[in-house]
Amino acid sequence: MIKHLLKQSKQSGLEEIEHVKFLIISKIAYFALIVHALLIPAFAHIGANMLALVNILSVFAWASGIFLIKQGLTSLALRVFCLEVIIHAVIVCATLGLGAGFQFYLWTVSCILMIDYQLTFKRAAFYSLVMIATFALLYVFFADVKYSFAYPELLPHVNVINIIIAGLPMVYGMGLIREITLSQRVELTDMAARDPLTKLYNRRFAKKLITAAHQKSIELESSLCIVMADIDKFKNINDNYGHEKGDTVLINVARLIRQFIDDDDIAVRWGGEEFLILLTNTDAKQAFAKIETLRLKIAELEAHHEFPDLNVTMSFGLIEWQPLASIEKMLQHADEALYKSKHAGRNQTTVAKGQHPAFKDADAVN
Ligand SMILES: Nc1nc2c(ncn2[C@@H]2O[C@H](COP(=O)(O)OP(=O)(O)OP(=O)(O)O)[C@@H](O)[C@H]2O)c(=O)[nH]1
């Protein structure tokens, strides 16, 4: 239920909490309105006419609150509900005694007040403490009030029902805060790990992933390839078609790379128009074939009706990771291979010198 509500809410952060709170409070308000309306004949039936009258006022208070919620004044509605609950709890306890359990709603209200973000923390805490003090004072002043109406045998059941109904919003509220906190933590971790434009991993975060993938490849004795990739003449794209189009090209290239790699592979926005791809379980020969396919796909990418003459190509440099070599050394070799691709005319893939038997005779494979 909580997850369902969170999914309904598209906002993030405090707005998300406010929106979910709005959904919950709306539901609770309708529920309370119906319960209070049903209690009017019930109280009249047991002879507690005063309570029946109070319940009419309560129905009016809950209906006003619902109206305020519909006007977008959720926080004000919340305060109306809190006031209603306090006054009602005190009057009911003074009339029926504490055995019916209506005093427990004060605890519910004290929790709800703490998640009213329009109140400062100090003020919310103060009001909550007033609720708890009121709860304690009820035991001081009304401990001796005896139930003197019809159906006394039902009192323990009413007590249990009130305890459960009063407790549910507290458990529900804690569950809600827990889910929101968890989902926001995941969101924040993801935001810290990814480049906002391309949604690929950013360089800082990727280093951890690359190190972990390297360790794993050593343990499994599997091959691992580092590929450095750079969009050709990207400055010209910006200059000729505008920075926004340049951004779109970056997004489209990143999407293609993401679609192209396997689940265990890692794609990183390494710099402005430079990307790093880590291909796991892949030797240099396989990586070369794979990257060549990607290169051709990228060259087909920007047949854009708006800019029919816009060609996007990429140059690549790749190296198979020698298990004992450092990440810095491997990145340096992959960069050198990329530089060779650029130097040899761009839109090509170069395998770093002497890195794999399949390429042992070649300085570079273009
Ligand atoms: N639109 C856009 N441009 C960016 C972004 N980051 C970097 N750039 C631009 O990318 C361009 C990179 O240009 P250069 O490093 O000269 O390289 P190049 O034009 O791609 O030439 P070669 O790499 O030699 O093929 C610069 O003009 C940067 O302003 C970005 O996030 N969006």
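This section describes the membrane-annotated segments, the nonpolar cores, selected helices and strands, and two loop residues of a predicted model.

According to the unreviewed UniProt entry, the annotation "transmembrane region" covers residues 20–44, 50–69, 76–98, 124–142 and 154–177. Two of these spans were examined in the model. Residues 20–44 are 100% helix and 0% strand, and the C-alpha atoms at the ends of this span lie 37 Å apart. For residues 154–177, the chain is 96% helix and 0% strand, with the end C-alpha atoms 35 Å apart.

The largest nonpolar core contains 43 residues, of which Cys225, Ile226, Val227, Leu276, Leu318 and Ala334 touch the most other members. At least two residues of this core are supplied by each of helix 8 (203–220), strand 2, helix 10 (243–260), strand 3 (266–269), strand 4 (274–280), helix 11 (284–301), strand 5 (314–320) and helix 12 (327–343). Strand 2 gives the largest share, 7 residues. A second, separate core comprises 31 residues, including Ala32, Val92, Tyr105 and Leu138.

Strand 2 (224–231) is mostly covered, with 8 of its 8 residues buried. In a regular strand, side chains alternate between the two faces of the sheet. In strand 2, Leu224, Ile226, Met228 and Asp230 point one way, whereas Cys225, Val227, Ala229 and Ile231 point the other way, and all are buried. Strand 2 pairs with strand 4 in the antiparallel sense over 7 bridges; within this pairing, Ile226 has Leu278 of strand 4 as its bridge partner. Strand 2 also runs antiparallel to strand 5, to which 7 bridges join it. There, Phe316 of strand 5 is the bridge partner of Ala229. When neighbours within four places in sequence are left aside, the contacts of Ile226 are Leu276, Leu278, Leu318, Ile319, Trp321, Met330, Leu331 and Ala334.

Helix 5 (residues 105–114) is likewise mostly covered, 7 of its 10 residues being buried. The buried residues are Tyr105, Leu106, Thr108, Val109, Ser110, Ile112 and Leu113. They pack against helix 4 (74–96), helix 6 and helix 7. Tyr105 of helix 5 is also one of the residues of the second core. The axes of helix 5 and helix 6 are 8 Å apart, and the two helices pack at an angle of about 175°. Because this angle is over 145 degrees, helix 5 is roughly antiparallel to helix 6. Helix 5 contributes Leu106, Trp107, Val109, Ser110, Leu113 and Met114 to the contact, while helix 6 contributes Ala124, Tyr127, Ser128, Met131, Ile132, Thr134 and Phe135.

Two loop residues other than glycine were examined for their backbone angles. Tyr151 is located in the loop between helix 6 (121–141) and helix 7 (155–193). The phi angle of Tyr151 is positive, near 55°. Tyr151 counts as exposed because it has 12 C-beta neighbours inside 10 Å. Lys233 is found in the loop that lies between strand 2 and helix 9 (234–241), and its phi angle is also a positive value, near 45°. With 16 other C-beta atoms within 10 Å, Lys233 is partly exposed, since the buried class begins at 20 such atoms and the exposed class ends at 12.

Terms used
Residues are numbered from 1 along each chain as its sequence is written. This is a predicted model: local features need pLDDT of at least 70, side-chain atom pairs count only at pLDDT 80 or more; totals for chains, interfaces and linings use all residues. Helices (H or I, at least four residues) and strands (E, at least two) are DSSP runs, numbered from the N terminus. UniProt positions are given in the numbering used here, feature names are shortened, and annotations may be inferred rather than shown by experiment. A nonpolar core is a set of buried Ala, Val, Leu, Ile, Met, Phe, Trp, Tyr and Cys residues joined through C-beta atoms within 7 Å. Two residues are in contact if their C-beta atoms, placed from the backbone, lie within 7 Å. Two strands pair if DSSP finds at least two bridges between them. Axes are lines fitted to C-alpha atoms, for helices over the stretch in contact, and angles run from 0 to 180 degrees between N-to-C directions. Angles under 35 degrees count as roughly parallel, over 145 as roughly antiparallel, 65 to 115 as roughly perpendicular and the rest as oblique.
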